[in-house]
Amino acid sequence: MENSQILFVILVYIQLFIGVIGIIGNLILIDVFLRPSLRRLSYSFYAIIKACVDNILLLNVFRFWLMAIFAIDLTNDNIFLCKLTDYLLAVTCSTTQMLSLLISIDRIATVIYTNRFPALKKRWVQVSLVFLALVYSFLVIIMEPINSKIVEIPYKNKTWLICQMTDEVDEITSWLVAGAIIGLPTLINTVLNVRLLVFIVLSRNKVNRATRNTIRRDRKFTIVSIVSNSIGLASKSVSGIL
């Protein structure tokens, strides 16, 4: 086996390891936020759904592992799977980005604009916002399943079946993924989290001890949110979305 092949296999297993750790971490997060003391928090609903969607996204590492190690990819043999698999990968990627954004908006409304937007904490409003996030995610990249097809590619005296889109649609889809699915939500999310963090740091000396404890918790949450956005981009790279 050549050095390049050895390196490729190592990277595949690193990818698999990161994916498994991510799935386990999300399962722990779900268990934590299902506790009664945390379930009452307004953002716990979003966090639980986001962890579930993240796990669906990370399950793709097993698909890539089968493709890389065993050359098994059912999407190249079935036109339905060809259209569905990569589309759902993009949809879950977009949904997890939008859920991160909803969590940040919830924290901004709770910490900075306290009691000004009580409707955002109502469960039916939260369910409606998650539904809108799903609709956006399904529609923003709808061209992908419509234009995906199985094509024959000759390579090394063999004919390989590959699931792909036309070059023009592929380029448009790449820009949509980079902008509407990854770039814009991540940018807005980061700006909101930085705004929240600055507010918390500047106001920590102007409140009583009870409020300071709440602010300390929110500051930790905000820092974790900013870091998780970066980790989220890494997980999407691991899952093959970038």
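In which helix is the place of serine 174? Serine 174 is found in helix H8, and View 5 returns to this residue. The legends below describe close-up views of a predicted model.

**View 1. Overview of the protein chain, a predicted model with 9 helices and 2 strands.** Starting at the N terminus, the order of elements is α-α-α-α-α-α-α-β-β-α-α. The chain has 242 residues, and 38% of them are buried. Among contacts with a separation of 6 or more, 72% join residues that are 24 or more positions apart. Helix H5 covers residues 79-111 and has 33 residues. From the first C-alpha of H5 to the last is 49 Å, close to the 48 Å expected at 1.5 Å a residue. Of the 33 residues of H5, 24 are buried, so this helix is largely enclosed by the rest of the structure.

**View 2. Helix H3 and its buried residues.** Helix H3 runs over residues 44-58. Its 15 residues should span 21 Å at 1.5 Å a residue, and the end C-alpha atoms are 21 Å apart, which agrees. Because 12 of the 15 residues are buried, H3 is largely enclosed by the rest of the structure. The buried residues include Ser44, Phe45, Tyr46, Ala47 and Ile48 at the start of the list. Lys50, Ala51, Val53, Asp54, Asn55, Leu57 and Leu58 are also buried. Aspartate 54 is one residue of this helix. With a relative accessibility of 10%, aspartate 54 counts as buried, because the cut-off for buried is under 20%. Leaving aside residues up to four places away in sequence, aspartate 54 touches Asn26 and Thr96.

**View 3. The packing of helix H3 against helix H6.** Two packed helices are described by the angle between their axes and the distance between the axes. Helix H6 consists of residues 123-140. H3 and H6 pack at an angle of about 35°, and their axes are 10 Å apart. Their crossing is right-handed. On the H3 side, the residues that meet H6 are Phe45, Tyr46 and Ile49. On the H6 side they are Arg123, Gln126, Val127, Leu129 and Val130. By type, the residues of this contact divide into 6 nonpolar, 1 polar and 1 charged.

Phenylalanine 45 belongs to helix H3. What does phenylalanine 45 touch, not counting residues up to four places away in sequence? Phenylalanine 45 touches Arg123, Gln126, Val127 and Val130. Phenylalanine 45 is buried, because its relative accessible area of 18% falls under the 20% cut-off. The C-alpha atoms of phenylalanine 45 and arginine 123 are 8.4 Å apart in space, while the two residues are 78 residues apart in sequence.

**View 4. The aromatic pair of tyrosine 113 and phenylalanine 117.** The structure holds 4 aromatic pairs. One of them is formed by tyrosine 113 and phenylalanine 117, at 6.2 Å centre to centre. The angle between the two planes is 80°. The pair is edge-to-face, because planes over 60 degrees apart count as such. Is tyrosine 113 buried or partly exposed? Tyrosine 113 is partly exposed, with a relative accessible area of 31%. Phenylalanine 117 also counts as partly exposed, at 43% relative accessibility.

**View 5. Aspartate 170 and serine 174 in helix H8.** Helix H8 covers residues 167-203, and aspartate 170 lies in this helix. At 36% relative accessibility, aspartate 170 counts as partly exposed. Aspartate 170 and methionine 143 are 27 residues apart in sequence, and their C-alpha atoms are 9.2 Å apart in space. Serine 174 has its place in H8 as well. Serine 174 counts as partly exposed, because its relative accessibility of 41% lies between the cut-offs of 20% and 50%. How many residues apart along the chain are serine 174 and isoleucine 141? They are 33 residues apart along the chain, and 9.6 Å separates their C-alpha atoms.

Notes:
Residues numbered from 1 in each chain as written. Predicted model: local features only at pLDDT ≥ 70, side-chain atom pairs only at ≥ 80, totals over all residues. Heavy atoms only, no water. Helix = DSSP H or I, 4+ residues; strand = E, 2+ residues; numbered from the N terminus. Buried < 20%, exposed > 50% of the residue type's maximum accessible area, 1.4 Å probe, protein only. Contact = heavy atoms within 4.5 Å. Phe/Tyr/Trp six-rings, centres within 6.5 Å; stacked < 30°, edge-to-face > 60°. Expected span 1.5 Å × (residues − 1). Axes fitted to C-alpha atoms, helices over the stretch in contact; angles between N-to-C directions. Left-handed = near helix turned anticlockwise from the far one by under 90°. Nonpolar A, V, L, I, M, F, W, Y, C, P; charged D, E, K, R; others polar.
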